Amino acid sequence: MKVVMFPGQGSQYKGMGKAFFDTFKQETIRASDILGYDLEELCIKDPERQLGKTAFTQPALYVVNAFTYYASQPRIKPDYFIGHSLGEYNALLAAEAFSFETGLRLVQKRGALMAAASGGGMAAVLGHKVEAVQQMLDEGGYTDIDIANINTPTQIVIAGPQDAINRIVQEFEGRKIKIFPLFVSAPFHSRYMKPAAVEFEEFLKDFSFSALQTPVIANVTAKPYQDSQVTDLLAKQIESSVQWTDTIRTLMGKGVEEYEETGSVILTKMVNEIKENCTPIVDEKSVVMEKDVMMEKVDAGEKVVAGEKSHTNGSSVKVNGKQIGKSCLSTRLGSQAFRKDYGLKYAYVAGAMYRGIASRQLVVKLAKAGMLGFLGTGGMSLAEMEQNIIQIQKELTNGEAYGVNFLHNLNDPAFEMKVAELFLRYGVTNIEASAYMQMMPALVYYRLKGLEKGADGAVVCKHKIIAKVSRPEVAEVFMRPAPEKMVKRLLEDGLISAEQAELSRLVPMSYDICVEADSGGHTDRGIAMVLLPSIQRLRTDITAEYAYGQAIRVGLAGGIGTPQAATCAYVMGADFILTGSINQCTVEAGTSDAVKDLLQDINVQDTDYAPAGDMFEIGAKVQVLRKGVLFAARANKLYALYNQYNGLDDIPEKTLIQLEKTYFGKTIAEIWDEVRVYCKGTGAEAEIVKAEQNPKNKMALVFRWYFGYTNKLAFEGNIENKTNFQIHTGSALGAFNQWVKGTQQESWKKRHVDEIGISIMVGAAKLLEDAALMVNN
């Protein structure tokens with residue numbers, strides 16, 4: 001999708017339009033007649049130095065913008081038009097809201113009114129976000145200064161009385177804050193332009209405007225113009241802030257990728273900064289992707305069900321006797337306490353995926369949209385984890401929620417403790433505990449280091465754990481307080497305080513349990529409708545036993561890839577939902593394009609189960625992609641061989657040759673050499689000694705090499721070895737693919753994790769509203 005942008009005041013220069021006046025001779029003559037002066041002479045020669053004066057700048061720039069666009073007008077119209085301040089008139093002209101002559105008359109009047117205003121000034125503040133600038137204004141007592149332009153996340157224009165502008169410029173310069181006075185005649189786009197706005201509104205009443213043929217995003221609202229809004233918004237624009245950053249974010253949310261500026265590069269530079277540093281604004285009313293999730297539509301406040309008519313006010317529905325606003329229901333699904341504790345807009349979580357598939361980009365994107373994402377640390381070194389955490393914290397500067405995965409390391413508990421220490425060192429307050437079958441010291445250490453007594457005497461848990469569980473007995477471990485023996489050991493080692501040890505008896509290891517039904521990656525193949533109620537019941541019993549100060553929340557994961565699935569979860573009483581597989585087939589996912597190409601085409605039947613590489617010997621399973629690859633079949637073959645034979649030497653030679661040729665791509669001897677080097681490099685020499693003494697252990701290490709190898713092939717996108725790709729995914733992605741079929745999100749290159757999350761939440765809300773309306777009828 002494409003947008004054409006028109007620059008505003010400040011982009012004028014002597015000589016502008018020189019290439020177009022002869023081409024558009026009749027329009028130039030007509031413009032000069034309307035204005036009462038020689039427009040061509042003003043733009044090219046500016047003999048009386050009037051081009052920089054507002055009353056002359058605005059009409060001249062409007063005409064040159066129009067000519068520039070006419071000269072390069074594409075055969076296929078863009079999807080949107082936008083303009084910065086004055087440039088918005090050119091956007092409306094291009095959208096056919098009015099004629100060239102009418103637009104010029106409007107701009108001439110606007111310029112004259114704005115030029116007549118005086119007694120004020122403007123300045124640009126660089127390097128600070130609008131919230132920070134507003135806070136500095138408030139703290140400095142500059143109540144007479146307004147935010148006039150939000151041009152980029154770090155370019156804010158302020159406006160107000162000239163003496164106030166002079167004072168703040170002097171103060172900011174003294175504080176080494178970048179601020180630059182602007183050479184303007186009045187405080188445009190501020191409250192001081194109210195008289196001009198009122199007079200302009202009266203002037204506009206003499207004009208009528210046509211329906212827009214192409215959408216235009218308004219400076220005042222950062223939303224598309226409605227045909228009835230032209231008069232109101234053009235008047236308000238004079239006294240209102242220019243919401244340029246949110247304008248671009250709105251277009252990002254609508255899928256616009258191509259931004260073409262007419263006659264300048266000023267706006268293009270702004271757009272590049274916004275695209276790099278901001279998340280899209282997604283309109284909840286239109287985000288449900290072209291495919292309406294409702295079986296029936298509510299139109300103009302009237303709903304038809306089974307031939308009968310029932311009337312609603314079009315803005316709310318009744319659920320359980322309560323009036324629920326349609327516009328906010330998606331943000332009210334799940335537990336309010338969960339949203340509040342984590343600082344979220346939606347009770348929506350994206351779970352971690354192995355080795356950074358749940359990337360820092362994914363985490364940041366979700367955080368800025370009011371959802372919680374967990375960085376996938378499985379398979380990462382401590383250094384890699386550290387760098388990712390640093391980058392996430394650098395990008396999230398407004399207190400947005402984020403989390404990091406704490407994956408159980410069955411073979412190296414000492415590594416778990418190092419991970420806990422890393423999280424504590426960097427102040428990571430939200431973790432996702434996954435693959436745990438029992439409580440471990442590192443988890444207890446992390447949890448207890450965040451315990452303190454609040455001013456009211458209640459226990460404050462600064463370190464939150466979302467525990468992913470697929471068995472009731474594991475859920476119970478997290479619902480109960482930390483094991484006394486582990487607490488005592490941590491206290492004896494000086495890792496926690498006596499107060500923290502005492503407080504640990506009053507709180508569970510986790511207030512947030514995520515029930516994981518059959519999912520991509522590690523899975524016990526649980527059924528959501530069986531698991532969730534049983535663990536909810538367990539919660540009731542344990543809460544009664546311990547009388548905790550707050551409720552334990554139970555969420556649901558596994559199989560959630562559509563609004564229908566999310567709706568089922570919330571109807572079953574889930575406090576939050578967690579998605580996984582659907583997020584790895586997105587722009588932000590940290591895997592190869594080759595993997596995403598495979599995943600975007602799967603259906604619900606295209607997955608299989610294979611041994612888990614990190615728990616190969618005990619037969620733990622992962623759900624993986626089957627369509628287009630052979631990993632599942634080959635991994636299961638290796639596990640069968642492991643169970644059948646006591647060592648590599650017992651396997652028939654013909655079978656070993658087949659493994660080396662079609663599975664491994666190298667000899668067993670070469671693999672063993674690599675395994676030895678790896679174990680020595682990671683301090684696991686004991687594994688080598690054990691393997692050399694026990695042939696079955698050696699066979700396990702060689703076969704486990706294959707799992708690391710196939711993961712690497714997939715991450716690198718090694719197409720030549722595509723058949724060996726190991727890709728963890730659940731059937732929820734197949735359901736999602738069918739849901740978006742025929743829309744722009746059919747391609748993974750158009751899928752963004754935040755838009756997917758909002759789509760699912762909004763879709764679930766609409767389904768619930770629809771069901772409530774049917775009940776009410």
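**A buried glutamate, an enclosed strand and an open sheet**

Let me begin with E588, which is buried, with a relative accessible area of 8%. Before I go on, please keep in mind that this is a predicted model, and that everything I describe today is computed from it.

Where does E588 lie? It is found in the loop between β22, residues 577–579, and α22, residues 593–599. As for what surrounds this residue, if we leave aside residues up to four places away in sequence, E588 touches S359, Q361, L362, K365, R751, H752 and V753. Two of these neighbours deserve a closer look. The side chain of E588 makes a polar contact with the side chain of H752, at 2.6 Å, and a polar atom of the E588 side chain also lies 3.1 Å from the backbone nitrogen of V753.

Let me turn now to strand β15, which covers residues 430–434. How many of the five residues of this strand are buried? The count is five of the five, so the strand is largely enclosed by the rest of the structure. If you follow the side chains along β15, you will see N430, E432 and S434 pointing one way, while I431 and A433 point the other way, and all of them are buried.

Which strands, then, are joined to β15? One is β14, residues 403–407, which runs parallel to β15 and is joined to it by four bridges, with F406 standing opposite A433. Between these strands the chain passes through helix α15, residues 413–425, and together β14, α15 and β15 make a right-handed β-α-β unit. Another is β18, residues 464–469, which is again parallel to β15 and joined to it by four bridges, and here the bridge partner of A433 is A467.

My last stop is an open sheet of three strands, which are arranged in the order β2-β1-β7 with parallel pairing. Because β2, residues 80–83, and β7, residues 258–261, stand at the edges with a single partner strand each, one side of each is left without a neighbour in the sheet. From one strand to the next, the twist averages 25°. Strand β1, residues 2–6, pairs with β7 in the parallel sense over four bridges, and within that pairing M5 has E261 of β7 as its bridge partner. Helix α4, residues 87–94, packs on this sheet, where it touches β1 and β2, and its direction makes about 155° with that of β2.

Notes:
Residues numbered from 1 in each chain as written. Predicted model: local features only at pLDDT ≥ 70, side-chain atom pairs only at ≥ 80, totals over all residues. Heavy atoms only, no water. Pairing = 2+ DSSP bridges. Helix = DSSP H or I, 4+ residues; strand = E, 2+ residues; numbered from the N terminus. Axes fitted to C-alpha atoms, helices over the stretch in contact; angles between N-to-C directions. Contact = heavy atoms within 4.5 Å. Buried < 20%, exposed > 50% of the residue type's maximum accessible area, 1.4 Å probe, protein only. Polar contact = N/O pair within 3.5 Å; in protein donor to acceptor, adjacent residues only side chain to side chain. Right-handed = clockwise from strand over helix to strand, strands pointing away.
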